[in-house]
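Welcome, and thanks for opening the viewer. Keep the selection box handy, and we will walk from one stop to the next.

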Amino acid sequence: MRQVPVAEPQAAWDLPVKERWFCPWCYAWTELGHDPREVSRPQYQALHERWERADSPELPEDVAHAYDTAYAYTDSGATLCGMVHDGLSVSPYFWVPDRDNACDACKKTAAVIDRRWPLEMRGGNRAHPTPPPGSSWPPF
């Protein structure tokens, strides 16, 4: 896992995060609060819920590419199929692999990453420690 930058909370309901860690192999992330016992580990998400669509004037309009989250904290953006350039960013829309215009190479890469999540850690079974008493973190 690698540590990624943490921004200040944008809204009053956003939780303050001390550290954020990202796994470029399985694309899971973990957040640590200011109390060392505050840990957030989001659950497994299915392919059609996990990826945002890549956005760039340099991408073909007739093919939908998935944005590669591993590049989210670098100076450039990338698609799951490997297209990299500075103007590439994440769009506000989901990338839907079942659509006819979804990039085939992005679909293959997304399927490989999806298979890396152990079956026993899906369906809400990812382990979460209980937040300490008085914590502002919700019990995930």
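Contact, in this tour, means heavy atoms within 4.5 Å. Helices (H or I, at least four residues) and strands (E, at least two) are DSSP runs, numbered from the N terminus. This is a predicted model, in which local features need pLDDT of at least 70, side-chain atom pairs count only at pLDDT 80 or more, and totals for chains, interfaces and linings use all residues. Residues are numbered from 1 along each chain as its sequence is written, and side-chain values use heavy atoms, with hydrogens and water left out.

**Stop 1: the helix H2**

Select residues 104-115, which make up helix H2. H2 has 12 residues and spans 17 Å from its first C-alpha to its last, close to the 16 Å expected at 1.5 Å a residue; the expected span is 1.5 Å times one less than the number of residues.

Which residues of H2 are buried? Colour Cys106, Ala110, Ile113 and Asp114 to see them; buried means under 20% relative accessible area, exposed over 50%, and partly exposed in between (1.4 Å probe, protein chains only). These buried residues cover an arc of only 100° around the axis, which puts them on the same side of H2. The arc is that of the directions from the helix axis to the C-beta atoms. Now pick a second colour for Asp104, Lys108 and Arg115, exposed residues on the face of H2 turned away from its buried side. Show H1 too, since what covers the buried residues of H2 includes H1.

**Stop 2: isoleucine 113**

Zoom in on isoleucine 113, which counts as buried at 3% relative accessibility. Its contacts, not counting residues up to four places away in sequence, are Trp25, Cys26, Tyr27, Arg50, Trp51 and Leu80. Draw a C-alpha to C-alpha distance to cysteine 26: the two residues are 87 apart in sequence but 5.6 Å apart in space.

**Stop 3: an aromatic cluster**

Two of those contacts, Tyr27 and Trp51, lead to the next selection. Show Phe22, Tyr27 and Trp51 as sticks, and you have one aromatic cluster. Rings of Phe, Tyr and Trp (its six-membered ring) pair if their centres lie within 6.5 Å; planes under 30 degrees apart count as stacked, over 60 as edge-to-face and the rest as tilted. By this rule there are 2 aromatic pairs. Phenylalanine 22 and tyrosine 27 meet edge-to-face, 5.4 Å centre to centre with 75° between the planes, and both are buried. Tyrosine 27 also pairs edge-to-face with tryptophan 51, at 5.3 Å and 65°.

Why is that second pair worth a look? Tyrosine 27 lies in the loop between E2 and E3, and tryptophan 51 in the loop between helix H1 (47-50) and strand E5 (52-55), so the pair ties together parts that are 24 residues apart in sequence.

**Stop 4: aspartate 68**

Stay with tyrosine 27 and add aspartate 68, from the loop between E5 and E6. Their side chains make a polar contact at 2.6 Å. A polar contact is a pair of N or O atoms within 3.5 Å; within protein, one must be able to donate a hydrogen and the other to accept it, and residues adjacent in sequence count only if both atoms are side-chain atoms. Aspartate 68 is buried, with a relative accessible area of 8%. Leaving aside neighbours within four places in sequence, aspartate 68 touches Tyr27, Ala78, Thr79 and Leu80.

**Stop 5: serine 56**

Select serine 56, also in the loop between E5 and strand E6 (77-78). Serine 56 is buried at 10% relative accessible area, and its side chain reaches the backbone nitrogen of glutamate 58 at 3.1 Å.

**Stop 6: the sheet**

Finally, switch to cartoon view and find the open sheet of 4 strands, ordered E1-E2-E3-E4 with antiparallel pairing. Two strands pair if DSSP finds at least two bridges between them. E1 and strand E4 (39-40) are the edge strands, each pairing on one side only.

Strand E1 (residues 2-4) is joined to E2 by 3 bridges, and arginine 2 stands opposite phenylalanine 22. E2 pairs with strand E3 (residues 29-32) over 4 bridges; here glutamate 19 faces leucine 32, and tryptophan 21 stands opposite threonine 30. The hairpin of E2 and E3 has 6 residues between the strands, and tyrosine 27 takes a positive phi near 65° there.

Where do the side chains of E2 (residues 19-22) point? Arg20 and Phe22 point to one face and are buried, while Glu19 and Trp21 point to the other and are not.
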